[in-house]
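Here is a friendly walk through one molecular structure. Take a moment to turn it around on your screen before reading on.

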Amino acid sequence: MSGTEFGLALSVLLACSVEAVEALTIVLAVGTTRSWRSSFYGVGAAIAVLAVLIAALGPALTSMPLNALRVVVGGLLLVFGLQWLRKAVLRAAGLKALHDETATFAAETAAARSADERSVAGIDAYAFLMSFKGVLLEGLEVAVIVLTFGANQHRIGLAAAAAGVAIALVVLAGVAVRAPLARVPENAMKFAVGVMLSSFGTFWGAEGAGASWPGGDAALLVIVPGLALASLGMVAWLRSARATAAAQRRASARAAAGELA
Amino acid sequence: MSWVRSTLEGVWEFVVGDDWVTAVGVVAALGVTALIAGAGATAWWVMPIAVISLLALSLRRAAR
């Protein structure tokens with residue numbers, strides 16, 4: 001396995017694990033409070049829709065000319081990657097709340113208990129729809145990542161296998177603990193995925209637009225750590241700006257209190 | 001036609017998210033790279049500078 005293929009597999013594995021943890025929380029909440037059978041039908045239907053999407057779009061992407069494919073894939077990975085990275089940096093700097101799977105599980109459980117009982121052909125409509133929606137929405141982004149990474153390297157099979165391993169690991173962990181996976185370092189994983197997606201997007205986007213990287217594929221060995229360091233620097237910058245703003249607010253409050261006295 | 005609108009809104013939200021400026025910046029950076037490379041000059045440096053600048057600007061907007 002080449003370095004680029006390893007990067008592909010690792011990126012898909014991490015991205016899929018994060019999304020699978022979030023989907024598992026919804027399925028667990030609905031399954032335990034409503035109906036496991038209906039939840040599993042919802043999960044199955046969502047996986048079928050995602051599989052059709054991958055089967056339909058995969059060949060269309062791989063049949064594109066290489067440079068056009070790289071510009072499209074690079075652009076998409078950058079738009080997605082920068083979104084992941086931006087949220088992860090804001091969370092690491094304390095400017096956005098961390099994703100709390102325990103709180104999400106409690107909210108989903110309460111909503112499932114209070115929802116109407118409505119069955120269609122013996123299937124609990126609420127449990128089916130919530131599981132379907134949860135898995136489909138969390139899975140869509142992974143499907144795009146699997147397709148773009150896989151198509152660009154002509155290794156959709158490898159990308160799909162990495163996604164399968166991630167789902168299997170998360171499901172096994174979920175069955176083992178029978179609770180939402182609250183201890184998964186979700187933000188660190190999102191940070192890593194954001195760096196990988198943005199780095200590969202930068203590399204492939206520039207190549208597709210006609211640029212040549214010094215050192216060829218080896219340029220990724222500089223781009224990935226370079227972007228990771230720049231992003232960590234931005235976390236430190238935001239933390240420092242936040243601390244300075246808080247100190248200024250405290251000083252203003254003290255000055256106002258002094259004037260009143 | 002409401003389902004067409006909601007589908008388009010869903011696709012926009014899914015692909016672009018809550019920061020359309022960054023998405024436009026990515027497209028512009030790819031265009032500049034293509035122009036420079038098309039003129040026969042070295043163009044690989046455009047994307048790393050653009051990506052780090054776009055991320056920093058996006059974070060500054062979000063932190064305000």
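## A first look at chain A

Chain A is built from 8 helices and 2 strands. Keep in mind that this is a predicted model. If you follow the sequence of chain A from start to end, the elements come in the order α-α-α-α-β-β-α-α-α-α. The C-alpha trace of chain A spans about 70 × 60 × 30 Å along its principal axes. Chain A has 261 residues, and 45% of them are buried. Among the contacts in chain A with a separation of 6 or more, 87% join residues 24 or more positions apart.

## Helix 6, one face in and one face out

Let us pick one element and study it. Helix 6 of chain A covers residues 156–177, which is 22 residues. How far apart should its ends be at 1.5 Å a residue? The expected span is 32 Å, and the end C-alpha atoms of helix 6 are 32 Å apart, so the two values agree.

Which residues of helix 6 of chain A are buried? They are A:Ile156, A:Ala159, A:Ala162, A:Ala163, A:Ala166, A:Ile167 and A:Val170. Looking down the helix axis, these buried residues fall within an arc of 135°, so they line one face of helix 6. The face turned away from that buried side carries exposed residues, namely A:Gly157, A:Ala168, A:Leu172, A:Val175 and A:Ala176.

The buried residues of helix 6 pack against three helices of chain A, listed here.

| Partner of helix 6 in chain A | Residues |
|---|---|
| Helix 1 | 3–33 |
| Helix 2 | 36–62 |
| Helix 5 | 125–153 |

Just after helix 6 of chain A comes A:Arg178, with a positive phi of about 50°.

## The nonpolar core

In soluble globular proteins, nonpolar side chains tend to be buried together. Here, the largest nonpolar core holds 90 residues, and those touching the most other members are A:Val12, A:Cys16, A:Val89, A:Val146 and A:Ala163. Helix 1 of chain A gives the most to this core, with 17 residues. Setting aside neighbours within four places in sequence, A:Val146 is in contact with A:Val12, A:Ile54, A:Ala159, A:Ala160 and A:Ala163.

## Where chain B meets chain A

The contact between the chains takes 28 residues from chain A and 27 residues from chain B. On the chain B side, the elements giving two or more residues are helix 1 (2–15), helix 2 (20–38) and helix 3 (46–63). Helix 3 of chain B provides the largest share, 11 residues. By type, this side of chain B divides into 21 nonpolar, 5 polar and 1 charged.

Methods. Residues numbered from 1 in each chain as written. Chains lettered and ligands numbered in written order. Predicted model: local features only at pLDDT ≥ 70, side-chain atom pairs only at ≥ 80, totals over all residues. Contact = placed C-beta atoms within 7 Å. Helix = DSSP H or I, 4+ residues; strand = E, 2+ residues; numbered from the N terminus. Nonpolar A, V, L, I, M, F, W, Y, C, P; charged D, E, K, R; others polar. Buried ≥ 20, exposed ≤ 12 C-beta atoms within 10 Å, placed from the backbone. Expected span 1.5 Å × (residues − 1). Arc of directions from axis to C-beta. Core = buried A, V, L, I, M, F, W, Y, C linked by C-beta atoms within 7 Å.
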